[in-house]
Amino acid sequence: MSIKTFVFRSAHPAQHGHPGHLSRRTAALGVVAIATSAALLTACGGSDGGPSNAGATATLAVLETTDLHFNVRSYDYFKLAEDKSYGFERTATLVRAARKEFANTLLVDNGDTIQGTALADYEATISPIPCTQQLSMYKAMGALGFDAGTLGNHEFNYGLPFLNQVLGGGLDVDGVDATKKCAGAGYPAVLANVYSSKTKKPLVQPYTLLERTVVAKGTDGNEVKLPIKIGVIGFTTPGIMNWDKRYLEGKVYTEGAVESATKYVPELRAKGADIVVALLHGGLDSAAYSPTMENPGLHLSKVAGIDAMVMGHQHGVFPDTAATPSFNLPGVDHKAGTINGVPAVMASSWGKALGVVQLALQWDGSKWVVNKTASKSELRNIQSKNAAGATVYVDADATIAPLIETQHQAAIKYVKTPIGQTDFRMSTLFADVGDPGAIQIVNQAQQTYVATYIKANLPQYAALPVLSVSAPFKSGFQGGADYTDVAVGPLAINNAADLYLYPNTVYAVKVNGADIKNWLEAAAQRFNQIDPAKTTEQALISTFPGYNFDMFTTADVQYAIDVTQAKGSRIKNLTYLGKAMDPAQEFVIATNNYRATSGKSFIDKLDGSGTIWASPDANRDVVIEYIRKNPAVTRTANGAAKSWRFAKVSVAGPVVFSSGANGLAVAQAAGLANVSLVAADDGSGKGTSKYAVDLSK
């Protein structure tokens with residue numbers, strides 16, 4: 001195991017303004033830290049915790065942020081507008097409130113921290129920050145004094161040299177200068193299940209052992225201060241080896257979270273850890289355990305010695321207080337907030353919530369023991385409803401925005417860079433019912449990019465037709481504003497980033513006509529099965545995510561989707577160049593790295609085995625370059641090619657769907673004469689309207 005001596009920043013209450021924070025004493029990995037200030041070595045006062053204090057009790061509140069995705073501010077760089085529904089600057093307010101409420105807190109971050117906004121891209125690739133400067137995200141987090149954090153899959157999106165820099169140096173892996181000393185994250189990053197191929201040791205320290213002082217209550221009711229050792233261990237999803245293959249292949253390898261935990265949790269206990277907190281950048285999945293599974297939370301919770309688990313990656317919530325909670329799985333108890341008896345949280349994404357695990361501790365005379373049945377978990381959201389039913393938001397912590405203002409403004413200036421103009425409103429408001437207006441240009445960019453590369457570099461595939469699929473990445477999941485919607489007029493970088501939301505990279509896969517049909521059948525799960533005889537209202541859209549509704553947008557490929565049929569039997573009259581598509585004919589499909597490597601539920605070849613080229617370029621950047629080269633974007637050339645239509649069927653009752661308010665003109669401009677407005681407010685409270693689609697037209 002790679003031993004790293006870790007230097008803690010001084011984090012006394014006067015400096016950081018968090019009186020409830022656990023006093024810091026020493027050490028990472030059980031190695032005494034090199035103290036940079038005398039203050040760090042000051043005894044924390046109080047009792048040394050002898051047997052006389054046996055029976056003392058305390059509560060340790062583990063506070064979790066996860067999947068922040070560089071949303072420091074409550075700001076949408078695509079829309080160039082404030083959005084109060086997310087942002088670390090608001091989560092920070094909840095952290096400070098929790099520190100006033102609880103005498104003892106531990107603040108941890110669960111990864112997917114350094115990527116996700118235009119500001120993140122700006123600091124990583126457009127105007128890379130110098131080694132001496134912290135990432136704006138880490139700088140903002142520094143105001144709160146995080147105790148530890150782990151790495152998510154998106155930490156690897158910018159490559160290992162960049163990760164090495166922003167973590168402060170020390171990654172001993174091929175292609176990286178391990179001696180580099182940079183500003184760093186400001187807190188110990190722990191990751192137990194990713195190893196350097198060069199050293200066969202963990203890429204970063206697998207865990208840290210934090211020595212703190214707890215404010216407790218003695219059996220006589222008086223306050224007593226006692227020492228505690230907290231082990232914090234981290235795990236990420238092994239999917240990194242697919243998703244960022246071009247950066248990681250041959251340089252790092254992963255092992256399963258359960259295997260890593262089984263190895264390192266006993267080590268932590270042997271070094272004196274009273275409690276162990278697992279940071280899992282993954283969530284919950286009922287599947288049987290495998291070392292490569294993406295969301296192994298159910299299985300990790302069963303590893304002996306883990307006292308609390310924070311989760312993420314799925315952008316979900318746990319515990320879920322909804323009437324029909326998500327993650328309704330064996331061993332999951334939303335009321336108790338436990339996974340197989342282990343207190344746990346998953347705090348949504350983008351700073352929308354703070355996870356709080358209240359661990360009930362009891363001092364047995366020599367160490368702390370967790371009373372799991374007396375512990376409890378909850379989420380504290382930045383958004384709620386007041387007595388009048390109106391949405392209210394937690395105020396932003398006023399100290400955060402000034403810390404990153406210079407970089408924030410630089411990112412805004414960057415995304416305003418003009419690259420073209422459009423003569424039509426490019427929107428995903430009605431992508432679910434056939435408008436290709438915001439998707440076609442993505443497909444055109446991907447198709448051109450892949451076809452050009454194959455012609456120059458892959459002659460063995462030069463005879464194969466190159467097609468492209470994309471999806472409506474923003475399709476209302478977060479509410480009425482969650483749609484790609486680019487106005488008529490100038491196109492800037494932020495508009496192109498709105499057209500392609502995710503930091504994916506372009507991949508090319510080789511498939512045949514039969515695969516294409518099965519791929520489209522999988523995508524058609526976007527729709528519920530409609531009963532033609534039903535006279536009451538039926539919802540068209542299922543819970544299948546919009547970002548999985550892959551579609552072609554070219555005259556070359558035509559097909560109908562019959563939503564009255566069962567899943568797997570919906571694609572009708574699939575043609576290529578006017579003739580029935582030959583199941584044996586081979587094609588190259590331009591898509592993204594996630595679909596190409598994690599799309600096995602669509603077709604087998606989307607497990608990575610069908611990939612013929614993993615490009616280094618982001619889909620978003622490919623779209624930006626395509627618009628730069630073809631700056632006059634028009635409905636005729638870039639937004640009118642409908643590959644698919646609904647099969648014509650007569651339905652006795654209305655078939656309805658929700659979309660953004662005041663959108664009917666968008667549907668009409670796209671030629672969707674079969675769409676009508678049912679209600680300006682669909683009653684969901686999400687700012688969406690109810691529309692109907694006439695499937696007989």
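Is F552 buried or exposed, going by its relative accessible area? It's buried, with a relative accessible area of 2%. Before I go on, one caveat: this is a predicted model.

So, F552 has an aromatic partner, and that's Y559. The ring centres are 6.4 Å apart and the planes sit at 85°, so we call this pair edge-to-face. Y559 is buried as well, at 5% relative accessible area.

Staying with rings for a moment: the structure holds 27 aromatic pairs. Another one of them is Y122 with Y414, and this one is tilted, with 6.0 Å centre to centre and 40° between the planes. What I like here is the sequence separation. Y122 belongs to helix α4, residues 118–126, while Y414 belongs to helix α11, so the pair ties together parts that are 292 residues apart in sequence. Y122 counts as buried, at 13% relative accessibility, and Y414 is buried too, at 17%. There's also an aromatic cluster, made of F88, Y138, F146 and Y187.

Okay, on to the cores. Which residues have the most contacts inside the largest nonpolar core? Those are F88 and V450, in a core of 98 residues. Helix α11, residues 400–415, gives the most to this core, with seven residues. So F88 turns up both in the aromatic cluster and among the best-connected residues of this core.

Now V450 itself. If you leave out residues up to four places away in sequence, V450 touches V466, V506, A508, V588, A590 and W613. Apart from that core there's another one, of 51 residues, and its members include V509, A522, A524 and F549.

V450 is also one of the buried residues of helix α12. The others on that list are Q440, I441, V442, N443, Q444, A445, Q446, Y449 and I454. A quick geometry check on α12, residues 440–457: at 1.5 Å a residue, its 18 residues should span 26 Å, and the end C-alpha atoms are 25 Å apart, which agrees.

Next, a sheet. It's open, it has four strands with mixed pairing, and the order is β30-β29-β28-β34. Why is one side of β30 and of β34 left without a neighbour in the sheet? Because β30 (579–580) and β34 (644–646) stand at the edges, each with a single partner strand. In the middle of that order, β28 (residues 557–561) and β29 (residues 571–576) run antiparallel, joined by four bridges. If you want a place to look, V557 stands opposite Y576 in β29. Helix α14, residues 513–523, packs on this sheet, where it touches β28 and β29, and its direction makes about 140° with that of β29.

Last stop is a glycine, G546. Where is it found? G546 is in the loop between β27 (538–539) and β28. At 5% relative accessibility, G546 counts as buried. Setting aside neighbours within four places in sequence, G546 is in contact with A471, P472, S475 and R526. And for a sense of scale, G546 and V62 are 484 residues apart along the chain, with 34 Å between their C-alpha atoms.

That's my tour, so over to you for questions.

Note on methods:
Residues are numbered from 1 along each chain as its sequence is written. This is a predicted model: local features need pLDDT of at least 70, side-chain atom pairs count only at pLDDT 80 or more; totals for chains, interfaces and linings use all residues. Side-chain values use heavy atoms; hydrogens and water are left out. Two strands pair if DSSP finds at least two bridges between them. Helices (H or I, at least four residues) and strands (E, at least two) are DSSP runs, numbered from the N terminus. Contact means heavy atoms within 4.5 Å. Axes are lines fitted to C-alpha atoms, for helices over the stretch in contact, and angles run from 0 to 180 degrees between N-to-C directions. The expected span of a helix is 1.5 Å times one less than its number of residues. Buried means under 20% relative accessible area, exposed over 50%, partly exposed in between (1.4 Å probe, protein chains only). A nonpolar core is a set of buried Ala, Val, Leu, Ile, Met, Phe, Trp, Tyr and Cys residues joined through side-chain atoms within 4.5 Å. Rings of Phe, Tyr and Trp (its six-membered ring) pair if their centres lie within 6.5 Å; planes under 30 degrees apart count as stacked, over 60 as edge-to-face and the rest as tilted.
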